[in-house]
Amino acid sequence: MNNIGKPNLEIFADTLLDQAKINQDILVVTSDSRGSGKLVNFGKELPDQIIEVGIAEQNLVGISAGLSAGGKKVFGVSPASFLTARSIEQIKNDICYSNQPVVLVGISAGISYGQLGSTHHSIHDFASLRTFNNISIVAPADNLEASEVIKASVGYDKPLYIRYGKKPMMNIHSPGTNFQIGKAITVSEGEDITLVSSGETVQRAVLAGEILKTKGINPTIISMHTIKPFDKDIFIKMAKKSKVLISIEEHSIYGGLGEQCANIIAQNKINLDFKILGIPDEYIVNGSQADVLDHYNMSPEKIAALSALMLG
Amino acid sequence: MSVDQKFLEKKSLEYRRTIVEIIYNSGAGHTGGSLSCIDILNVLYNSILEITPNNFTTIERNNYIHSKGHSVEALYTVLCDVGFFKKEDLKTLNAFDSHFIGHPTRKVSGVEHNTGALGHGLSVAVGLALAKKKDKSKKKVFALLGDGELSEGSVWEACTSASKYQLDNLIVVVDRNHLQITGKTEDVNPIEPLDEKFKSFGFDVEFVNGNNIIELLEIFQKVPFTAEKPSAIIANTIKGCGISFIENEISWHHKVPTDEEYKKAIIELDGKLSKYE
C-alpha cells in the first residue's frame, strides 16, 4: 500500500559519493565505520577522499576540524551513539566554538541498533547538541530529505549534525518537494490535531494519520526534520489552529523535539492539549527499533488512539 | 653572538616583561607556563612560521596550534608583537566583553584554533597537515603541547594518525617543564619515557633546550628529521623561566604577582634587558 524506499543511510552514501565525485575538496573521515555508514563503495571509488582513523571518535572530530581549517569540506561519519557522546568535547570546542563548518553524520542513530543495547543507542544527541551554540541538527525522515540535506550540507557554512537510521523508509514526500535546512515540511494540513515528528518516526505519524482519516479526522502532519534552528513560524501557525498537538521522536523525552515544542507553546500563549511521545527516563526495553518504538506508544495505532482520545 | 640571536634573546626578555605586566594588570593568568614556552613561540613566530596578518586568512601557509591553551598570555604577547593587534588591545585581557579571554580564541586576530580544553590540538594539527598533503603543499604545521596535557588519551589517538599518514609536515613540540597544577608531572601521572613513547608511535624525536634561542633556531631548521615521519621535539624548559623567584615553583601555575612581586620581576627583567642596549 505504501511506497517503501531505501534505508536513508544508503541514500546518504549514494548522494555523498555523487557530490564528492564532482568536488575533490569533499573528504570523508571514518572511525572503522565505513561499513555501517554504507561507504565501502565510496572508499573504493574515491580512495583519496576518505580518511580512516580507526576506532577513535575524538580523533575523528579533531581531524575533521583541522581538515576543515585547511579548506576542505569534511563529513565526519561515525555511529551517532559514539560520535555525540565520546567526542562531545571535540564537537563543542573544535567544531562549534571554533566555527568549522564540518558535517557530522551520526549513523545508525536513535535506536537503530535496537538489540545491541544502550551503549549503541543515541537518544541523547538532540538534547546534548542543542545546547551548543552554532550547530544545526537535522534528522531526515525519508529518502528525499536524506538526499536533499546532503546536497544542502555541501554549501552550508556552519557546523551541522545529521542523524541517519538503518531501516528502509516510506517515501513521504513527492519528488521535487522543496527542502531547506531549518524549514519544516508540512506533509498534510488538516484541522484540530497536529502531529509533529522528526526523522524515522515521521512515517509513523503519517501512518497514524491514515488511520485517523478512516475515522473522519484529518490531522496536520509536520516533518520537523531540522531540530535546530527550529522552524518556529510553521510550528506556531499549525499549533495555534489546533486543539491537540502530539510530538513524536526517537529520542529521550528530555531535551529533544518534544521539549522544544513545549518551550514554544508555553512562551507563545498557545492553548492546546499537548503530549510528548519519546523514550522515557528508564532502562530501555530490549528489542528492535520497531519493537521499541511500538512499546513506547509510537506505533501508528497507538498514536492514532491517543489522538482520538485527546480530541475527545 | 649573531644578530639573530641577540635580537631574539632581547625579544624574549621583552615578551617576559609583557607577560608579567598583562597578568599583573588583569589579575589573572597562567604565569609559569607562559614563561616556559615563550622562547619557543618567539623563535617560531619571528624566524620560522612566516605567519603574518597579511597571509593569515590564506590556506597556503604554515600553521601553529597552541594546544596548551592555558598559556595564552605567551601567545597573545607574540601575536601582538608580530603585528596582529595593538598593544593597547592587550590591556583588555580578561576585561568584561574583551576578546582577550583566558584561553586562545579565534575572536583574536592571529589565533588559529580555539583551545583550552587539553588534548585537542594535536588532532586538529593532524587534520591541517593532512589537508596540506592533499593539496601537495610543502608548508608545515606546528603544534605546541604541554607535558601535563600528554595524559589525555586523545593526544595518542592523534599520534597514530600522524604516523599512519606519514605526516612529515607535522611537528609536535612538547613544552617539557616537568610541572603541572598539582605538582611534578612524574608524580601526578608519569609520562616518561617520553621519547620512547613518541618513537613507538612512529615519530622521529629530538630533545632541545626549549629556553635556548640558538638551540631552538637550529632544531626548527632541521625539521622534518626524517622523510615520511612526523617529528616530535621534546623541549626541556623551566616553568617560570626568566624570573628567578617564579622558576620551578608549582604555585606559579596560575598565580598573579602581588605589587611587590611585580616590581621585583620587572627589576630583574630590566636588569637583563639593559645588557642588550
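Which residue in β2(B) is the bridge partner of H66(B)? The partner is L144(B), and the strands that carry such bridges belong to a predicted model, in which local features need pLDDT of at least 70, side-chain atom pairs count only at pLDDT 80 or more, and totals for chains, interfaces and linings use all residues. Residues are numbered from 1 along each chain as its sequence is written, while chains are lettered from A and ligands numbered from 1 in the order in which they are written.

**The sheet of chain B**
- Five strands (DSSP runs of E, at least two residues, numbered from the N terminus) make up an open sheet in chain B, ordered β1-β2-β3-β5-β4 with parallel pairing, where two strands pair if DSSP finds at least two bridges between them.
- Because β1 (63-66) and β4 (204-209) of chain B each have a single partner strand, they stand at the edges, and one side of each is left without a neighbour in the sheet.
- From one strand to the next, the twist averages 20 degrees, with axes fitted as lines to C-alpha atoms and angles running from 0 to 180 degrees between N-to-C directions.
- Four bridges join β1(B) in the parallel sense to strand β2 (residues 141-146) of chain B.

**Chain A as a whole**
- Chain A contains 12 helices and 14 strands, helices being DSSP runs of H or I of at least four residues.
- Of its 312 residues, 54% count as buried in chain A, that is, with 20 or more other C-beta atoms, placed from the backbone, within 10 Å of their own.
- The C-alpha trace of chain A spans about 60 × 40 × 40 Å along its principal axes.

Definitions and conventions. Buried ≥ 20, exposed ≤ 12 C-beta atoms within 10 Å, placed from the backbone.
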